[in-house]
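The following exercises concern the packing of helices, the pairing of strands and the surroundings of a single loop residue. Each task is followed by a solution in steps.

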Amino acid sequence: MRCMSTIPCVQPLTWTKGHSGNSTRVTKSCRPARKMDFPLGATASTVNLPETVLSWDELKGIAASTETGKMIAEEEKLRSQGEGSPHVTAKLRLFGASEDDVRVTLYRDHAGWCPYCQKVWMMLEEKKVPYRIERINMRSYGEKPAWFLKKVPSGLLPVLELDGKIITESLVIMQIIEQTFPDIPMIPEEHFDRANTLLRLERQLFSDWCGLVFRPSGPGPFGGGARKQFEETFDKVNAALGELPGPWFLGGDTPSIVDLQYVSHVERMNASCLYWKGLQLRSTERWANVERWFAAFEERPSYVATKSDYYTHVMDIPPQYGPGYSDSSDEVKEAQLKIDGHATWRLPLSLSSSDAEPLPDSMNPGDEAARHEAAYKLISNYDAVVKFCCRGMGERGAKQFGAPLADPTAVPNLNYEEKVDKLLRTTVLLLLDGSAGVSTGETSEEGKGVASCLAYLRDRIGVPRDMSYPAAMTLRAHLNYIIDAI
């Protein structure tokens with residue numbers, strides 16, 4: 001943690017009804033702030049934090065009255081009816097059809113982190129095929145339910161159940177969806193041969209990515225040729241995206257199966273190549289067609305709902321593919337500082353399309369909306385989240401799984417429950433009000449235990465499982481602000 005000076009001019013917060021439309025707004029009282037004294041025995045840092053910490057019910061009411069809260073509540077209502085925008089938690093998608101007409105069940109990973117599930121999920125959305133969703137753990141994150149293993153002994157995801165028939169392997173699933181539901185075609189007949197050529201190129205790109213990221217670099221400026229090979233293949237992909245009008249591989253106004261086959265792994269290449277090799281694939285002149293392609297995807301609800309952030313990916317890639325091998329360059333060190341949050345999970349937070357991890361305008365709701373989304377999500381499951389945090393000072397589970405951050409059987413230390421609860425309510429208050437200042441503090445000796453609890457949560461906020469990327473970044477930064485304050 002960094003050293004912290006006392007933040008001047010932070011006012012304690014009181015909540016009053018404003019008259020901006022029907023929304024409730026936060027106003028600051030005119031009383032002077034006092035140095036916050038949480039029951040933590042903290043002595044190394046005196047920081048101005050909100051004097052009054054509201055109850056969860058009070059916070060819930062305030063969050064629900066914000067414009068973002070109202071929008072999320074309306075989305076949740078539509079989602080419960082099988083309608084609305086795609087979302088990681090949706091259990092039913094109808095697209096205006098009757099539930100009696102649903103022929104498809106998609107079994108996909110619980111968190112939205114499996115690339116093979118992502119492409120099938122997106123295809124069903126793009127083709128507007130009514131379907132049900134069952135979410136299943138990947139093996140790296142916990143046990144699979146016995147009823148699922150009875151259906152699918154291999155346990156592999158994704159799985160499609162069509163009219164009672166079980167289908168596995170993502171590309172096979174996609175071909176069967178295309179044949180069974182032809183109304184919105186995703187392989188134009190005139191481009192069938194081109195599609196097959198591009199699918200072979202995708203397999204070459206995948207192989208070159210594995211050779212670059214998941215093996216130690218060899219001697220020489222290009223890591224024994226692996227980087228050079230990857231970049232040359234990526235050049236071919238970029239060229240293919242420029243051969244027909246529009247942003248897509250097969251032309252037209254909408255993505256094809258080819259685009260879906262590429263995007264789930266190229267998304268992960270963006271994060272992993274930067275993090276382990278210092279190679280930036282986004283926002284470059286060399287690969288301008290790839291950037292145009294991503295910009296088109298980032299306008300589509302099917303992609304926005306399924307997209308992860310770079311931190312989530314560098315955490316979820318090794319359990320699925322094996323460890324990434326870091327080069328020792330300055331570019332790698334800088335990228336890891338940013339992606340791991342050491343240089344970026346700090347207030348004030350600034351996210352933009354020019355960042356190392358670009359946030360396009362189409363996916364950037366602004367600071368207030370991101371803060372209010374994070375607050376709403378935290379409030380919606382606060383009791384479980386408080387206990388989850390307490391694992392940070394608890395005991396590891398008896399059974400461990402492949403993902404280092406996954407410990408579903410961990411035993412929380414509930415001696416910290418009261419302290420964590422109060423600090424999370426303070427976090428929510430600051431998220432709703434936007435009054436947190438610049439964080440430059442150092443956790444006191446007495447505060448380190450509860451700080452570990454908050455850090456346990458911070459490091460496990462995943463996209464899209466928990467919230468959007470902007471909301472995740474602002475919650476991580478606000479948790480760091482509280483950690484520095486105690």
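**Exercise 1.** Identify the residues through which α5 and α8 touch, and classify the contact.

*Solution.* In this predicted model, Leu171, Met174 and Glu178 of α5 meet Ile257, Leu260 and Gln261 of α8. Sorted by class, the contact of α5 with α8 holds four nonpolar, one polar and one charged residues.

Next, consider the geometry. The axes of α5 (residues 170-180) and α8 come within 11 Å and cross at roughly 155°. Angles over 145 degrees count as roughly antiparallel, and α5 and α8 are therefore roughly antiparallel to each other. The crossing in which α5 passes α8 is right-handed.

**Exercise 2.** Determine how α3 and α8 are oriented to each other, and which residues make their contact.

*Solution.* Begin with the axes: α3 (residues 115-127) and α8 (residues 257-277) pack with their axes 9 Å apart, at an angle of about 140°. Roughly antiparallel requires an angle over 145 degrees; α3 and α8 are therefore oblique to each other. α3 passes α8 in a right-handed crossing.

Then list the contact. From α3 come Pro115, Tyr116, Gln118, Lys119, Met122 and Met123. From α8 come Ile257, Leu260, Gln261, Val263, Ser264, His265, Glu267 and Arg268. By class, the residues of the contact of α3 with α8 comprise seven nonpolar, four polar and three charged.

Finally, compare the lists for α8. Ile257, Leu260 and Gln261 of α8 meet α5, and Ile257, Leu260 and Gln261 also belong to the contact with α3.

**Exercise 3.** Reconstruct the sheet over which α3 lies, beginning with the order of its strands.

*Solution.* Five strands in the order β3-β5-β4-β6-β7 form an open sheet with mixed pairing. The edge strands, each pairing on one side only, are β3 (92-93) and β7 (165-168).

Proceed from the β3 edge. Strand β3 runs antiparallel to β5 (residues 131-136) and is joined to β5 by two bridges; here arginine 93 stands opposite tyrosine 131. Further along, β4 and β6 are antiparallel and share four bridges, with threonine 105 opposite glutamate 161 in β6. Four bridges likewise join β6 to β7, which run antiparallel, and leucine 160 faces isoleucine 167 in β7 across this pairing. The hairpin of β6 and β7 has two residues between the strands, and aspartate 163 takes a positive phi near 50° there.

Now place the helix: α3 lies across β3, β4 (104-109), β5 and β6 (159-162), and runs at about 145° to β4.

**Exercise 4.** Establish whether the faces of β6 are covered or uncovered.

*Solution.* In a regular strand the side chains alternate between the two faces of the sheet. In β6, Val159 and Glu161 lie on one side and Leu160 and Leu162 on the other. All four of these residues are buried, and both faces of β6 are thus covered.

**Exercise 5.** Decide whether methionine 363 is buried or exposed, and name the residues that methionine 363 touches.

*Solution.* Locate the residue: methionine 363 lies in the loop between α12 (330-339) and α13 (367-380). Its relative accessible area is 17%, and buried means under 20%; methionine 363 is therefore buried.

Beyond residues up to four places away in sequence, methionine 363 touches Glu298, Val304, Lys307 and Pro470. Glutamate 298 stands 65 residues away along the chain, yet the C-alpha atoms of methionine 363 and glutamate 298 are separated by 7.1 Å.

Note on methods: Residues numbered from 1 in each chain as written. Predicted model: local features only at pLDDT ≥ 70, side-chain atom pairs only at ≥ 80, totals over all residues. Heavy atoms only, no water. Axes fitted to C-alpha atoms, helices over the stretch in contact; angles between N-to-C directions. Parallel < 35°, antiparallel > 145°, perpendicular 65-115°, else oblique. Left-handed = near helix turned anticlockwise from the far one by under 90°. Contact = heavy atoms within 4.5 Å. Nonpolar A, V, L, I, M, F, W, Y, C, P; charged D, E, K, R; others polar. Pairing = 2+ DSSP bridges. Buried < 20%, exposed > 50% of the residue type's maximum accessible area, 1.4 Å probe, protein only.
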